[in-house]
Amino acid sequence: MTDTLSLGDLIDRQIVHHGPMSIAAYMGLCLTHPASGYYSGTDPLGVRGDFITAPEISQMFGELVGFFVVNLWQQLGQPRSFTLLELGPGRGTLMQDALRVAARAEGFLDACHLQLFEANPTLRELQRERLGQYSPYWSDEVDAVADDPLIVVANEFFDALPVRQFVRVGANWHERQVGLIDGRRVLGLSPTPLPATAMPEAVRDAGEGEVFEANLAATDVMQRLARRIVTQTGAILAIDYGHDRTQTGETLQAIRNHAFADPLAEPGSADLSAHVDFAALGRVAQAEGLAVAPVATQRDFLGRLGIIERASALARANPGQIEVIASALHRLTDPDEMGTLFKALCVHSDGLEPIGFTG
Ligand code: SAH
């Protein structure tokens, strides 16, 4: 590849040489191509970036996750050594807030081996700055972890993994692909029919033209981590936007500068993501032998962990910030904001009762 070849040119060339590519292949190149992928470049997060996430909205989010993690560690019997792994830690804000709270539990920091899984070199540097005092270790394989108990945290990570799209045509399904017509990128369907039995039970009765998204990269991550946790004990907490039932519906979206963009235009310059199928993730973990807590909305999860009390305490301590705190609380929990679109999933080894999921 020469310096002048853009990611768009590279993709078009691949299509010319090898034929149309799946949405997942396209999405994977757009997001993590080593030279020009969206997540290979600069910091995409925050007010000046393309989107803003819960831990960037308020410290309360990471603090409550810290509380959740300490509680799990206590339920595990306070092991003297365990791995706390964060997937896609972004700017390290969530973990910084979480560990500030967790540090108050005696013995927690001494026992905790912090491990981070991150594709973006710019973000790795930010994580090093923020979390360096906890001596984190970055791994290149998601399940390259020690044999200790394992607690995994992932906020807005699974939505960034590539999805395949299948479209119902007659009795069959056809995979959607990115191709070229007259040099322009267009969506089309693979001519190869896939039988209805190749799709999950829940979408067998889908109507003509409906789209099913399969996030095989996400279920692969889940399976690999679940296999470790079944033998090592622990849990995975995943928070993201998505649905708690496997269903049809096209959710692939491109965001640039806080606005929706065309996913096929300027590859690598916009964030591409898709809603997470929490039911599919839960099924994979269950098949490996883990228990699955009922999926909670972000509103319920944070509410049960005490976000209202935390907001009041913060406001009392910082009277000048009352409006900022109230607005953050609203954004994180209101049904018109992140409250119900965002959900929390916890899969865990037997005998644990993760807080925030019932009651
Ligand atoms: N959890 C953070 C960041 C969310 S953005 C927050 O809530 O603010 C998604 C994060 O996942 C970024 O850190 C991104 O660089 C990382 N990421 C995306 N795809 C990845 C992949 N395939 N492998 C490793 N990290 C990835």
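**Group meeting: a cavity, two pockets and a small sheet**

Hi everyone. I'll start on the inside: strand E10, residues 211-214, gives the lining of the largest cavity its largest share, 3 residues. Before going on, please keep in mind that this is a predicted model.

So what is the volume of that largest cavity? It comes to about 70 Å³. The structure holds 1 cavity of 30 Å³ or more. If you have the model open, you can pick out the lining: Val-163, then Phe-212, Glu-213, Ala-214 and Asn-215, then His-243, then Gln-247, Thr-248 and Gly-249, and finally His-275 and Asp-277. By class, that lining has 6 polar, 3 nonpolar and 2 charged residues.

Let's move on to the pockets. The largest pocket holds about 650 Å³ of space. It is lined by 36 residues, and the ones closest to its centre are Gly-88, Ala-119, Phe-157, Ala-160 and Leu-161. Which helices supply at least two residues each to this lining? They are H2 (23-32), H3 (54-57), H5 (93-102), H7 (121-131) and H8 (216-232). H8 provides the largest share, with 4 residues. As for chemistry, the lining of the largest pocket divides into 17 nonpolar, 11 charged and 8 polar residues.

Now the second largest pocket, which has a volume of about 500 Å³. Here 20 residues form the lining, and nearest the centre lie Phe-51, Ile-52, Gln-253, Ile-255 and Phe-342. By class, the lining of the second largest pocket has 9 nonpolar, 7 charged and 4 polar residues. And here strands come in: E12, E13 and E14 each supply at least two residues to the lining of this pocket.

That takes us nicely to the sheet itself. Those 3 strands form an open sheet in the order E13-E12-E14, with antiparallel pairing. At the edges are strand E13 (259-261) and strand E14 (271-273), each of which pairs on one side only. From one strand to the next, the twist averages 40 degrees. As a general reminder, strands of a sheet pair through backbone hydrogen bonds, either parallel or antiparallel.

Let me zoom in on one pairing. How many bridges join strand E12, residues 253-256, to E13? There are 3, and the two strands run antiparallel. One place to look is Arg-256, whose bridge partner in E13 is Ala-259.

To wrap up, then: E12, E13 and E14 make an open antiparallel sheet, and these strands each help line the second largest pocket. Thanks for listening, and I'm happy to take questions!

Key. Residues are numbered from 1 along each chain as its sequence is written. This is a predicted model: local features need pLDDT of at least 70, side-chain atom pairs count only at pLDDT 80 or more; totals for chains, interfaces and linings use all residues. Side-chain values use heavy atoms; hydrogens and water are left out. Two strands pair if DSSP finds at least two bridges between them. Axes are lines fitted to C-alpha atoms, for helices over the stretch in contact, and angles run from 0 to 180 degrees between N-to-C directions. On a 1 Å grid over the protein atoms alone, a cavity is a set of points where a 1.4 Å probe fits but cannot get out, and a pocket is an open set with protein on both sides within 12 Å along at least five of seven lines; lining residues have an atom within 4 Å of a point. Grid points are joined across faces, edges and corners, and a volume is the space filled by probe spheres set on the points. Ala, Val, Leu, Ile, Met, Phe, Trp, Tyr, Cys and Pro count as nonpolar, Asp, Glu, Lys and Arg as charged, and the others, Gly among them, as polar.
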